[in-house]
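Q: Hey, I've just opened this one and could use a quick tour. Can you walk me through it?

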Amino acid sequence: MFKRLFWLGAGIATGLVLAAKAQSYVKAHTPDGARQFVLGPDQDNVTIRTLAALWEDFNAAREARERELTGRYLSGR
């Protein structure tokens, strides 16, 4: 159990570091017009916007699955 938690944490940390490095690379090596196209006009809050969108997608999928399971349970399948 602890191995799984460790590797999950290590994977998340690695992903966050790689995403931050990729974002820094894009900011440093692209012209402003291309950077605005890729990152949007609010380039300082890309990470927060991305995490908020991921959280919203997760919650939407979770709620849909809960509705599906509740429907199955109440219908007696």
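Q: Let's start with Glu68 and Arg72: which helix are they in, and how many residues apart are they?
A: Keep in mind that this is a predicted model. Glu68 and Arg72 both sit in helix H3, with their positions 4 residues apart, about one turn of the helix.

Q: And what do the side chains of Glu68 and Arg72 meet in?
A: A salt bridge, at 2.8 Å from N to O. In general, side chains of opposite charge can pair when their charged atoms come close.

Q: Is Arg72 buried, exposed or partly exposed?
A: Partly exposed, because its relative accessible area is 38%, and the range between buried and exposed runs from 20% to 50%. Glu68 is partly exposed too, at 35% relative accessibility.

Q: Which other side chain does Glu68 meet in a salt bridge?
A: That would be Arg65, at 3.1 Å from N to O. Glu68 and Arg65 are 3 residues apart in helix H3, again about one turn of the helix. Arg65 is partly exposed, with a relative accessible area of 41%.

Q: How many salt bridges does the structure hold?
A: There are 4 of them. Another one joins Arg62 to Glu66, whose closest N and O atoms are 2.9 Å apart. Arg62 and Glu66 both lie in helix H3, 4 residues apart.

Q: Why does Arg62 count as partly exposed?
A: Because its relative accessibility is 32%. Glu66 is partly exposed as well, with a relative accessible area of 41%.

Q: Back to Glu68 and Arg72 for a second, then what about a network?
A: Sure: Glu68 and Arg72 pair at 2.8 Å. As for a network, salt bridges with shared partners join Arg62, Glu63 and Glu66 into one.

Q: New topic: how many aromatic pairs are there?
A: The count comes to 2. One is Phe6 with Trp7, an edge-to-face pair at 4.9 Å centre to centre and 75 degrees between the planes. Phe6 and Trp7 are both exposed.

Q: Why is the pair of Trp55 and Phe58 called tilted?
A: Because the planes of Trp55 and Phe58 are at 35 degrees, with the ring centres 5.6 Å apart; planes under 30 degrees apart would count as stacked, and over 60 as edge-to-face. Along helix H3, Trp55 and Phe58 are 3 residues apart, so about one helical turn separates them.

Q: Are Trp55 and Phe58 exposed or partly exposed?
A: Trp55 counts as exposed, at 55% relative accessibility. Phe58 counts as partly exposed, at 47%.

Q: OK, pockets. How much space lies in the largest pocket?
A: About 180 Å³. Helix H1 (2-29) and helix H3 (46-75) are the elements that each give two or more residues to its lining.

Q: Which residues line the largest pocket?
A: The lining is made up of Leu16, Ala19, Ala20, Gln23, Leu39, Val46, Thr47, Thr50 and Leu51. By class, the lining has 6 nonpolar and 3 polar residues, with no charged ones.

Q: Last one: where is Lys27, and what does Lys27 touch?
A: Lys27 is in helix H1. Leaving aside residues up to four places away in sequence, Lys27 touches Arg35, Leu39, Gln43 and Asp44. The C-alpha atoms of Lys27 and Gln43 are 8.7 Å apart, while along the chain these residues are 16 apart. Lys27 counts as partly exposed, at 29% relative accessibility.

How values were computed. Residues are numbered from 1 along each chain as its sequence is written. This is a predicted model: local features need pLDDT of at least 70, side-chain atom pairs count only at pLDDT 80 or more; totals for chains, interfaces and linings use all residues. Side-chain values use heavy atoms; hydrogens and water are left out. On a 1 Å grid over the protein atoms alone, a cavity is a set of points where a 1.4 Å probe fits but cannot get out, and a pocket is an open set with protein on both sides within 12 Å along at least five of seven lines; lining residues have an atom within 4 Å of a point. Grid points are joined across faces, edges and corners, and a volume is the space filled by probe spheres set on the points. Ala, Val, Leu, Ile, Met, Phe, Trp, Tyr, Cys and Pro count as nonpolar, Asp, Glu, Lys and Arg as charged, and the others, Gly among them, as polar. Buried means under 20% relative accessible area, exposed over 50%, partly exposed in between (1.4 Å probe, protein chains only). Contact means heavy atoms within 4.5 Å. Rings of Phe, Tyr and Trp (its six-membered ring) pair if their centres lie within 6.5 Å; planes under 30 degrees apart count as stacked, over 60 as edge-to-face and the rest as tilted.
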